[in-house]
Amino acid sequence: MRAVSSRGAKRPRPHPFLKWAGGKYTKLPALLERLPEGPIDLYVEPFLGGGALFLELARQGRIRRAILNDRNPELVETWQAIAADPDGVYDETQSWYNDEQSYYEVRQAQYDTPNRRAARVLWLNRTCFNGLYRINRSGQFNVPYGHYKKVRFDHANLRAVSKALREADVEIVSDDFEAVLGRAGAGALVYCDPPYWPVSDTAKFTAYDGIPFNADDQRRLDAAFRALESRGARGLLSNACVPATLELYAGLPQARVQMRRSINRKATGRGPVDELLVGTPSLASRFRAAR
Ligand SMILES: C[S@@+](CC[C@H](N)C(=O)[O-])C[C@H]1O[C@@H](n2cnc3c(N)ncnc32)[C@H](O)[C@@H]1O
């Protein structure tokens, strides 16, 4: 997708640089229409992943300050490297051949510079089977080779993402969501997109980093999300629309939205599902006004 600048020249629209399970790029309209309009003093995203909503709000020039967080340190380091040196990261992505032997060498390798480590994450994401990010309990990326003929890296997008991150005052951290939600005070806007409550017993893709996100984590999140309102912060949250989440978030503004997942059911157990959007009470009028 490209945007045209005020001078008429084409400039790339920053968009997720990774294929990420549960990514929200194609679902932005449903999220945007439930958020307040206008500038955002502090934007907090505790489950960053591919960061689709942050990048869109930053492109719109609405974010003054942001705290972006994900528990996955490798993902966070990739965001940090792209913020600091998009050209350096892009150059490193050109280092490897796209063949099976190179894939397993890169998958196994440990590199000693942030740019090369970030390039490895981008490269594995493009060349692995189905763009899946999965690591085992010992922290090793274990997705097989994807056998894709063409592998392309979008240099202009890396620059656009870096610009979006540098134009707003952005802090990118790797912590548990609860610590980050605790920093959202008066005027903050929070978007929570956690690993989803499993839709069925066979759909259990909840471990992005080898550590499952279990029912206790879902309940911790519910409590931390509800606490936002009393501090003057507003919040929007996505989850699977299942009886357990409808019950968990009872009493808060809710909307059921049809979503199609970007990574298919076979690979992740996350096929088309109905999604639940939940808001803090001060977003009730936005939920009522949404189509
Ligand atoms: C559904 S994805 C977010 C997708 C993102 N909104 C996008 O557009 O790509 C959920 C993210 O939560 C992260 N995560 C899992 N458990 C976490 C925790 N306890 N605290 C913070 N992040 C966590 C995962 O690493 C994963 O990147």
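In this predicted model, histidine 147 is found in the loop between α6 and α7, and its phi is positive, at about 60°, although the residue is not a glycine. Because 11 other C-beta atoms lie within 10 Å of its own, histidine 147 is exposed. Asparagine 130 lies in the loop between α6 (114-127) and α7 (155-167); this residue, not a glycine, likewise has a positive phi, of about 65°. Asparagine 130 has 16 C-beta neighbours inside 10 Å and therefore counts as partly exposed.

A further loop, between α1 (28-32) and β3 (40-45), holds leucine 35. Because leucine 35 has 20 C-beta neighbours inside 10 Å, and 20 or more is what the term requires, this residue counts as buried. When the neighbours within four places in sequence are left aside, leucine 35 is in contact with Leu189, Leu236 and Arg286. Of these partners, arginine 286 is 251 residues away from leucine 35 along the chain, yet the C-alpha atoms of the two residues are separated by 6.7 Å.

The strand that follows this loop, β3, takes part in pairings with β4 and with β6. With strand β4 (residues 63-69), β3 pairs in the parallel sense over 5 bridges, and leucine 42 stands opposite arginine 65 in β4. Between these two strands the chain passes through helix α2 (residues 52-59), and the resulting β-α-β crossover is right-handed. Strand β6 (residues 188-192) also runs parallel to β3, to which it is joined by 3 bridges; here valine 44 stands opposite valine 190 in β6. In a regular strand, side chains alternate between the two faces of the sheet.

The largest nonpolar core comprises 67 residues, and those with the most contacts inside it are Tyr43, Phe54, Ile82, Val161 and Val190. Val190 is thus both one of these core residues and the residue that stands opposite valine 44. For tyrosine 43, not counting residues up to four places away in sequence, the residues touched are Phe54, Leu57, Ile63, Ala66 and Leu189. Among them, Leu189 is also a contact of leucine 35, and Phe54 is also listed among the core residues with the most contacts.

The ligand, finally, is surrounded by 23 residues, of which Gly22, Phe47, Gly49, Gly50 and Asp193 are the closest. By character, the shell around the ligand divides into 10 nonpolar, 6 polar and 7 charged residues.

Notes: Residues numbered from 1 in each chain as written. Predicted model: local features only at pLDDT ≥ 70, side-chain atom pairs only at ≥ 80, totals over all residues. Core = buried A, V, L, I, M, F, W, Y, C linked by C-beta atoms within 7 Å. Buried ≥ 20, exposed ≤ 12 C-beta atoms within 10 Å, placed from the backbone. Contact = placed C-beta atoms within 7 Å. Helix = DSSP H or I, 4+ residues; strand = E, 2+ residues; numbered from the N terminus. Pairing = 2+ DSSP bridges. Right-handed = clockwise from strand over helix to strand, strands pointing away. Near = placed C-beta within 6 Å. Nonpolar A, V, L, I, M, F, W, Y, C, P; charged D, E, K, R; others polar.
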